[in-house]
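New to this one? Here is a quick briefing on a sheet and some ring pairs.

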Amino acid sequence: MLELLKDAQGFSLVLVGIVVASVLYWTWSRVLSKREEKALALVEDMAALGDVVPDTIHPVIDTDRCIGSGACVRVCPEKTVLQVVHGQARLVNPLACIGHSACLPACPVNAIKLVFGTAERGVELPRVDQNFQTERPGIYVIGELGGMGLIRNAVLQGKQAADHVVGSGRIGGSDAYDAVVVGAGPAGISATLRLMEGQKRVILLERESLGGTIMHYPRAKVAMTGALEFALVGTVRRAKISKEELIQMWQSIVQQTNMPIQTGVLVEGVDSDRSGAWVLQTSSGPVKAANVLLAVGRRGTPQRLGVDGEEQAKVHYRLLEPEAFHGKDVLVVGGGNSAVESALSLADSGGCKSVSISYRRGAFARCRAENRRRIDELIANGSVRGYLPSEVARIDPGDVVLNVSGTMTRVPNDAVIVQIGGTAPSDLLRKFGISLVTKHGEA
């Protein structure tokens, strides 16, 4: 009798275990199913946009190799770039990719390669060698302009290019610098520090202010950086850092190292002289150097809407400080990270009369997961008025006319912030005589 009781208890435990396992399996299957549904919806949204590709390096999946482990999905800081769909990894949101490249080493079967562009749509980049030197000896292109958008990538490239300059033997004469660095962003600062460490006579030129592209981030934007290795300074370890902290860091480095920098100087072109040195044509006059390192970023000229009324003073193409828009009805146009972050910054400031955002798609697929979560939340609670999908039809002095799904809607407005992308500064590269190459899905 005792043995029968023990057998019954054992059977009960096994039965309970099966039930628990079944519930867990069912629950997990539902989670995976929901994830796939969201991923497929995003794939359809991207397909509706046509052939989309990020300006930076991004992953492609070899489906013959992929085993669907999901390792690449888990390591990606942006979370929505890659998803496992039907048992295999898939690039579901290429526009959210900013080139972290963490997916490459994470794949256990080497099914991922990193490329620029796609077979259908190429990305135009400067032609450089492994040292980031162009076909013109002594002229280098580093950082964002070369297709590598992350801060840590820019810092690394700046140091590597400067390493090559230090070892090249190209030095300026009595009337020339050993090197001129153009652009005071992460790549330019890193290169300048390494050149200073190498005892080179160097000058850093910047058309705006210290920080480069970072200065155009909205207030308190968080940038993923990781560990940064600087010559003369050492290692800076930060997983996340705000715009304000980044600028403070750059300022501290400049003061600490007595970095030679001139701001407000626009570089317009380059010539060569008989000695083989380069002569930069700048807004402050010619500057002569044996080497030139271009680290000017990819912002270029902001893209315009091309509608009536866009020439008004109330139309802006960037947001530096939200305080300038306090008490105003503000409309942000665009659906990428810059536009969404501007709307978030304006809403967070609490000083605007109203904040609205117009985007031509029905959802914010072009921005990072956290930005998308927050903007959707603010639209839901009424802090931001979302007009999706919509397009600007006309900008009038006191309002803006939006085409919202075929219906013309007039929105009260004091200021418009247009952030729909821009053109790469390819004209400057051509003035420097730098060859451009179009990458079609190539490493």
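Six bridges link strand 21 (residues 399-404) with strand 22, and the two run antiparallel. Keep in mind that this is a predicted model. Below, you'll find the sheet these strands belong to, followed by the aromatic pairs.

**The sheet**

- Strands 20, 21 and 22 make up an open sheet of three strands, in the order 20-21-22, with antiparallel pairing.
- At the edges sit strand 20 (390-395) and strand 22 (407-412), each pairing on one side only.
- Going from one strand to the next, the twist averages 30°.
- For a single contact to look at, take valine 401: its bridge partner in strand 22 is arginine 410.
- As a general point, strands of a sheet pair through backbone hydrogen bonds, and they can do that parallel or antiparallel.

**The aromatic pairs**

- Searching the whole structure turns up two aromatic pairs.
- One of them is edge-to-face: phenylalanine 230 and tryptophan 250 are 5.9 Å centre to centre, with 85° between the planes.
- Phenylalanine 230 belongs to strand 9 (residues 222-230) and tryptophan 250 to helix 6 (residues 243-257), so this pair ties together parts 20 residues apart in sequence.
- Phenylalanine 230 has 5% relative accessibility, so it counts as buried.
- Tryptophan 250 counts as buried too, because its relative accessibility is 0%.
- Tyrosine 359 and phenylalanine 364 form a stacked pair, because their ring planes are at 10° and the ring centres are 5.7 Å apart.
- Tyrosine 359 and phenylalanine 364 are both buried.

Terms used
Residues are numbered from 1 along each chain as its sequence is written. This is a predicted model: local features need pLDDT of at least 70, side-chain atom pairs count only at pLDDT 80 or more; totals for chains, interfaces and linings use all residues. Side-chain values use heavy atoms; hydrogens and water are left out. Two strands pair if DSSP finds at least two bridges between them. Helices (H or I, at least four residues) and strands (E, at least two) are DSSP runs, numbered from the N terminus. Axes are lines fitted to C-alpha atoms, for helices over the stretch in contact, and angles run from 0 to 180 degrees between N-to-C directions. Rings of Phe, Tyr and Trp (its six-membered ring) pair if their centres lie within 6.5 Å; planes under 30 degrees apart count as stacked, over 60 as edge-to-face and the rest as tilted. Buried means under 20% relative accessible area, exposed over 50%, partly exposed in between (1.4 Å probe, protein chains only).
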